[in-house]
Amino acid sequence: MALRFFNTYSREIEEFEPRDPRARPIRMYTCGPTVYSRAHIGNFRAYIFEDLLQRHLELRGYKVNRVMNITDVEDKTIRGAREANVPLQKFTEQFKDAFFEDANTLRIKRADEYPAATDQRYIDRMIELIGALISKGLAYQADDKSVYFRINKFPDYGKLAHFDLTQLQSTGRVKHDEYDKEHIGDFALWKAWDEADGNVKWNSPWGAGRPGWHIECSAMSTALLGDQIDIHCGGVDNIFPHHEAEIAQSEGVTGKKFVHYWLHCAHLLVDGQKMAKSLGNFYTVPDVLAKGYTGRELRYALLRVHYRVPLNFTWEGMNEARESLARIDEWLARLRELTGRPRRDVRSAQQAAPASQFEDALDDDLNISAALGFLFESIRETNRAMDQNEMDAISAGAWLEWWKRINTVLDLEAETEGAIPDEVTQLAQQRENARHEKNWKRSDELRERISALGWEVRDTKDGPKLARGAGSM
Ligand SMILES: [Zn+2]
């Protein structure tokens, strides 16, 4: 069965066809965290959906090249740094670290790159894009010295959000601080420096200032993945104006279709309400861990609902997640016990190797609830067969093999004591690559990341060895 996804752009389920032949990686861009505070579980719902998407594509034999940006300069990060009275870099660093820590707790696979907006390479790229937009008449510098995108010159503006531009004109009351714009919907590409920005500024042909949030993603995605990408993801709240603006900027410069499939994840609610600090229902990953739940349980709770359906997070749901995982654990233990057992008289071995329903469900716009439904139905049936002594070691082995395969997508197995997590192994591998390339800076960075996960790399004459770090539990 072919892979199908709901494309926000067309509002239709479309068959997935990568732009390049299968041998080339799929280019995937996912909007990452704005590091002005610790990300909440609603943010992580979207990151887990993206993780599921990447893992399923890989299960289906595709290679994926995924980029996730880190927004470390925009209004909120600048305000936060000012209020904390620390340099921007120092302020955002703690939330970057927290993001990686939480992503690791939730077993989210690492993207290939995490570009940061303040990296000079990307600032240069943003300036280059803005210059190109101005020369094409798609952007202008206003009297307030900021540079804006001219949405009236981009006829496709509003197509992703299915948004009627004339409505924006008729309802919009021009805000005081936006009087310089030609159109209420024109968005800032470059924000002229003002006192509140402190020493956060870069030079540009339009004077000192800083980039707008939207141009950051256009610059980083085109710099790392090229002019055209296969899949772009985010939460539904990114659709307008952020992704709409990304299309206008990127296509405005390149003249090519920027993204082929737009996938958006629905909101997370807590006890049926929007999460808000004022309602006391605002949770981060450590908040959930503090209640005695594990990262694995939270991963399951955030994963199990179809990504286009709002997910209602409740503590009851967390308990259900715990029960479901316990059923999986018991089932796996039983199967393992059976495969290790010498042959006994088995009445009849009716349990053939499992069918492909799990993968097929995920092919259908990542229908995870149907896929999990099939998993638990299989658990029920095989348990019954084991109860009745109707399963032999070979069938049990086939089920374990099947689990191993689907668990590359789910990543829900209980951690075994002392085993090196995949995450750490991958980082160690990347560090080896960096060492071969004599990229010592990256190699040191990777060593630090490994150490943050509680592991230590020792370079021995037989190559690098991983050991539990001194400071870990
Ligand atoms: Zn973005």
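Select L269 and K274: L269 stands opposite K274, which belongs to strand 12. This is a predicted model, in which local features need pLDDT of at least 70 and side-chain atom pairs count only at pLDDT 80 or more, while totals for chains, interfaces and linings use all residues. Residues are numbered from 1 along each chain as its sequence is written, and side-chain values use heavy atoms, with hydrogens and water left out.

**The sheet around L269**

Widen the selection to residues 268-270, which are strand 11; strand 11 pairs with strand 12 in the antiparallel sense over 2 bridges. Two strands count as paired if DSSP finds at least two bridges between them. Strands (E, at least two residues) and helices (H or I, at least four residues) are DSSP runs, numbered from the N terminus. Now add strand 13: the 3 strands form an open sheet in the order 12-11-13, with mixed pairing. Strand 12 (273-274) and strand 13 (311-313) are the edge strands, each pairing on one side only.

**Helix 9**

Next, select residues 295-303. Helix 9 has 9 of its 9 residues buried, so it is largely enclosed by the rest of the structure. Buried means under 20% relative accessible area, exposed means over 50%, and partly exposed lies in between (1.4 Å probe, protein chains only). Among the buried residues of helix 9 are R296, E297, R299 and Y300.

**Strands 3 and 4**

Move to residues 26-30, strand 3, and bring in strand 4; the two run parallel and are joined by 5 bridges. To see one facing pair, pick T30, which stands opposite M68 of strand 4. In strand 3, 5 of the 5 residues are buried, so this strand is largely enclosed by the rest of the structure. I26, M28 and T30 point one way from strand 3, R27 and Y29 point the other way, and all are buried. Strand 4 (residues 64-68) is mostly covered, with 4 of its 5 residues buried.

**Backbone details**

Three stops concern the backbone.

- Select F240 and P241: the peptide bond from F240 to P241 is cis, with omega near 0°. P241 lies in helix 7 (residues 239-254).
- Select R107, which has a positive phi of about 60° although it is not a glycine. R107 sits in the loop between helix 3 (88-105) and helix 4 (120-135), and it is buried, with a relative accessible area of 14%.
- Select K145, which has a positive phi of about 80° and is not a glycine either. K145 is found in the loop between strand 5 (139-141) and strand 6 (147-149).

**The chain as a whole**

Finally, show the entire chain, which has 15 helices and 15 strands. The radius of gyration is 25 Å, close to the 23 Å that the globule rule gives for 473 residues, so the chain is as compact as a globular protein of that length. This radius is taken over C-alpha atoms, and the globule rule is 2.2 Å times the number of residues to the power 0.38. Along its principal axes, the C-alpha trace spans about 85 × 55 × 50 Å.

Buried residues make up 50% of the 473 residues. Of the contacts (heavy atoms within 4.5 Å) between residues at least 6 apart in sequence, 75% join residues at least 24 apart.
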